[in-house]
Amino acid sequence: MANYEVVMCIVNAGYSDVVMDAAREVGARGGTVIHARGTANKEAEQFFHITIQPDKEIVMILVPAEIKDAVLHALYQHAGLKTEGQGIAFSMPVDEVVGLSAPNAKHEEDEKEKTAEATAESQPSTPSDGEKTESESK
């Protein structure tokens with residue numbers, strides 16, 4: 001199965017569409033938005049020289065590892081700290097994925113099914129308990 005990463009982008013409330021539009025431009029398919037509240041204090045605002053809006057949106061996007069860097073770069077360009085969205089994005093590796101109908105995953109499932117069918121067809125069938133062979137039934 002292909003390797004995946006989850007890209008998370010924390011932006012000011014109302015900017016999740018900007019995040020998803022940027023991610024889709026470079027190959028992401030969809031994401032999940034979680035509404036949140038930031039906990040930054042006045043010292044952080046003064047240090048970064050920005051006003052921190054407490055209402056946030058966290059956009060989680062599961063992407064193939066091959067496009068992770070492109071997604072992060074697109075998010076930086078369209079929704080980074082120097083934009084109105086004031087976004088911060090990062091990624092984390094994903095060990096296992098289920099329920100995802102990606103083209104690569106579908107192809108691999110089909111190949112596994114074909115291999116299993118071919119193996120089953122090449123095995124001689126043996127009667128199970130309770131079934132009689134032809135010689136026993138005569």
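The legends below describe close-up views of a predicted model of one protein chain.

**View 1. The whole chain combines five helices and four strands.**
From start to end, the elements follow the pattern β-α-β-α-β-α-β-α-α. The protein chain has 138 residues, and 25% of them are buried. Its exposed surface comes to about 9900 Å². Carbon and sulfur atoms supply 52% of that area. Contacts also reach along the sequence: of those between residues at least 6 apart, 77% join residues at least 24 apart.

**View 2. Four strands build an open antiparallel sheet.**
The strand order is β2-β3-β1-β4. β2 (32-37) and β4 (88-94) are the edge strands. Each has a single partner strand, so one side of each lacks a neighbour in the sheet. On average, neighbouring strands are turned by 25° against each other, direction ignored. Strands in a sheet pair through backbone hydrogen bonds, in either a parallel or an antiparallel way.

**View 3. β2 and β3 pair over six bridges.**
The sense of this pairing is antiparallel. Within it, H35 stands opposite E57 in β3.

**View 4. Helices α1 and α3 pack on the sheet.**
α1 touches β1, β2 and β3. The direction of α1 makes about 15° with that of β3. α3 lies across β1, β3 and β4. Against β1, α3 runs at about 5°.

**View 5. The largest nonpolar core holds 16 residues.**
V19, A23, I61, V63, V71 and L75 have the most contacts inside this core. Four elements give two or more residues each: β1 (4-12), α1 (16-25), β3 (55-64) and α3 (68-79). In soluble globular proteins, nonpolar side chains tend to be buried together.

**View 6. V19 is one of the residues with the most contacts inside the core.**
Which residues does V19 contact, leaving aside neighbours within four places in sequence? They are C9, V11, V59, I61, L75 and A79. Of these, I61 and L75 are also listed among the residues with the most contacts inside the core.

**View 7. K56 is a buried lysine in strand β3.**
Is K56 buried or exposed? K56 has 12% relative accessibility, so it counts as buried, the cut-off being under 20%. The side chains of K56 and N12 are joined by a polar contact of 2.8 Å. Beyond residues up to four places away in sequence, K56 touches I10, V11, N12 and A13. K56 also touches I34, H35, A36, R37 and G38.

Notes:
Residues are numbered from 1 along each chain as its sequence is written. This is a predicted model: local features need pLDDT of at least 70, side-chain atom pairs count only at pLDDT 80 or more; totals for chains, interfaces and linings use all residues. Side-chain values use heavy atoms; hydrogens and water are left out. A nonpolar core is a set of buried Ala, Val, Leu, Ile, Met, Phe, Trp, Tyr and Cys residues joined through side-chain atoms within 4.5 Å. Buried means under 20% relative accessible area, exposed over 50%, partly exposed in between (1.4 Å probe, protein chains only). Contact means heavy atoms within 4.5 Å. Two strands pair if DSSP finds at least two bridges between them. Axes are lines fitted to C-alpha atoms, for helices over the stretch in contact, and angles run from 0 to 180 degrees between N-to-C directions. Accessible areas come from the Shrake-Rupley method with a 1.4 Å probe; for residues, only the protein chains shown count as cover. A polar contact is a pair of N or O atoms within 3.5 Å; within protein, one must be able to donate a hydrogen and the other to accept it, and residues adjacent in sequence count only if both atoms are side-chain atoms.
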